[in-house]
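Please open the model in the viewer and keep the sequence panel visible beside it. The tour proceeds by selections, each followed by a description of what is found there.

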Amino acid sequence: MAKKRLVVGNWKMYIEKPEEARQFALTLRRKVRGLSGVDVYVAPPFPFIADVAKVLESSPVRVGAQTCSPYTDGQHTGEITAAMIKNVGGLFSIVGHSERRQEGDTNEIVRIELERAIAANLTPILCIGEEERKKDGEHFAIIEEQLSTAIKDLPKNMLRKLIVAYEPVWAIGKS
C-alpha cells in the first residue's frame, strides 16, 4: 500500500482579512476535489481558524493552528491554548516551527507544546531542522536532539498521531 503524501500550508501572516481567508478556503476546497494520494492541511492565523474550518468542514482539508501555547490556562496574554484551538474547529497544531524556535522556543517548550496538543486531541505536527546549512552529517545531531527532547517520556500510544516535518530555517520561503 502506497503512503499518502502530506502537504501543510502555513499561512503565517500573509492573509489579514476574514473575507480573504474565507475566499482562499473556498478556492482551496474547489481545487482539492478529486485529488487523491495527498492529505492537505492548512494553518491560517488564529483569528481565522473558526471561519476557515467552517468553510472546509465537509471537505478533505484539515484546518489547524500555526502553534499552541505551552500553558493550559492563566494569565498569559496573547497565548492560545490547544483546547481553544480544538474548540474553534482546529484539528492539528504545528509545534516547534523553526521561526518560533528563532523567537526563543526551546526544545523543552516544544516538548510541552507537543504534550498540550496531544492532550487536547489535536494532531501535532512537530517541526525539526537546523538553523543554517551544515556540513555533511552535522545536522543529524541537531535534529536528533530536537526529536528526542520533544518525545521524551511521552507514552508511545500518545505518539500515534504525531507527524514529524523536517523544515530547516534555510529552506523556508514564500511560494
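Which residue of E6 does leucine 126 stand opposite? Select leucine 126 together with strand E6, residues 163-166. The residue opposite leucine 126 is valine 164. Please bear in mind throughout that this is a predicted model.

**The sheet around E5**

Now extend the selection to strand E5, residues 123-128. E5 and E6 run parallel and are joined by four bridges. Next, add strand E4, residues 92-95, which also pairs with E5 in the parallel sense over four bridges. Here the bridge partner of valine 95 in E5 is leucine 126, the residue that stands opposite valine 164 in E6.

With the three strands displayed, an open sheet appears in the order E4-E5-E6, with parallel pairing. E4 and E6 are its edge strands, each pairing on one side only. On average, neighbouring strands of this sheet are turned by 20° against each other, direction ignored. Strands in a sheet pair through backbone hydrogen bonds.

Show the side chains of E5. In a regular strand, side chains alternate between the two faces of the sheet. Thr123, Ile125 and Cys127 point one way from E5, while Pro124, Leu126 and Ile128 point the other way. Is E5 enclosed or open to the surroundings? Six of its six residues are buried, so E5 is largely enclosed by the rest of the structure.

**The two cysteines**

Select cysteine 127 and cysteine 68, and display their sulfur atoms. A disulfide is a covalent bond between the sulfur atoms of two cysteines. Why is there no such bond here? The sulfur of cysteine 68 is 12 Å from that of cysteine 127, its closest cysteine sulfur, and this is too far for a bond; a disulfide requires the sulfur atoms to be within 2.5 Å. The structure accordingly holds zero disulfides. Cysteine 68 is buried, with a relative accessible area of 3%, and cysteine 127 is buried as well, with 5%.

**The sheet around E2**

Move to strand E1, residues 5-10, and strand E3, residues 62-63. With E2 they form an open sheet of three strands in the order E1-E2-E3, again with parallel pairing. E1 and E3 stand at the edges with a single partner strand each, so one side of each is left without a neighbour in the sheet. Strand E2 covers residues 38-43 and pairs with E1 over six bridges. To view one of these contacts, select valine 7 and its bridge partner in E2, valine 40.

**Two unusual backbone angles**

Select lysine 12, in the loop between E1 and helix H1 (18-32). Most residues other than glycine have a negative phi. Lysine 12, although not a glycine, has a positive phi of about 50°. At 15% relative accessibility, lysine 12 counts as buried.

Then select asparagine 121, in the loop between helix H5 (107-119) and E5. Asparagine 121 likewise is not a glycine and has a positive phi, of about 65°. At 45% relative accessibility, asparagine 121 counts as partly exposed.

**A pocket to finish**

Return to lysine 12 and add Asn10, Met13, Gln66 and Arg100. The second largest pocket holds about 370 Å³ of space. Of the 14 residues that line this pocket, the five now selected are the closest to its centre. The lining comprises six nonpolar, four polar and four charged residues.

How values were computed:
Residues are numbered from 1 along each chain as its sequence is written. This is a predicted model: local features need pLDDT of at least 70, side-chain atom pairs count only at pLDDT 80 or more; totals for chains, interfaces and linings use all residues. Side-chain values use heavy atoms; hydrogens and water are left out. On a 1 Å grid over the protein atoms alone, a cavity is a set of points where a 1.4 Å probe fits but cannot get out, and a pocket is an open set with protein on both sides within 12 Å along at least five of seven lines; lining residues have an atom within 4 Å of a point. Grid points are joined across faces, edges and corners, and a volume is the space filled by probe spheres set on the points. Ala, Val, Leu, Ile, Met, Phe, Trp, Tyr, Cys and Pro count as nonpolar, Asp, Glu, Lys and Arg as charged, and the others, Gly among them, as polar. Buried means under 20% relative accessible area, exposed over 50%, partly exposed in between (1.4 Å probe, protein chains only). Two strands pair if DSSP finds at least two bridges between them. Axes are lines fitted to C-alpha atoms, for helices over the stretch in contact, and angles run from 0 to 180 degrees between N-to-C directions.
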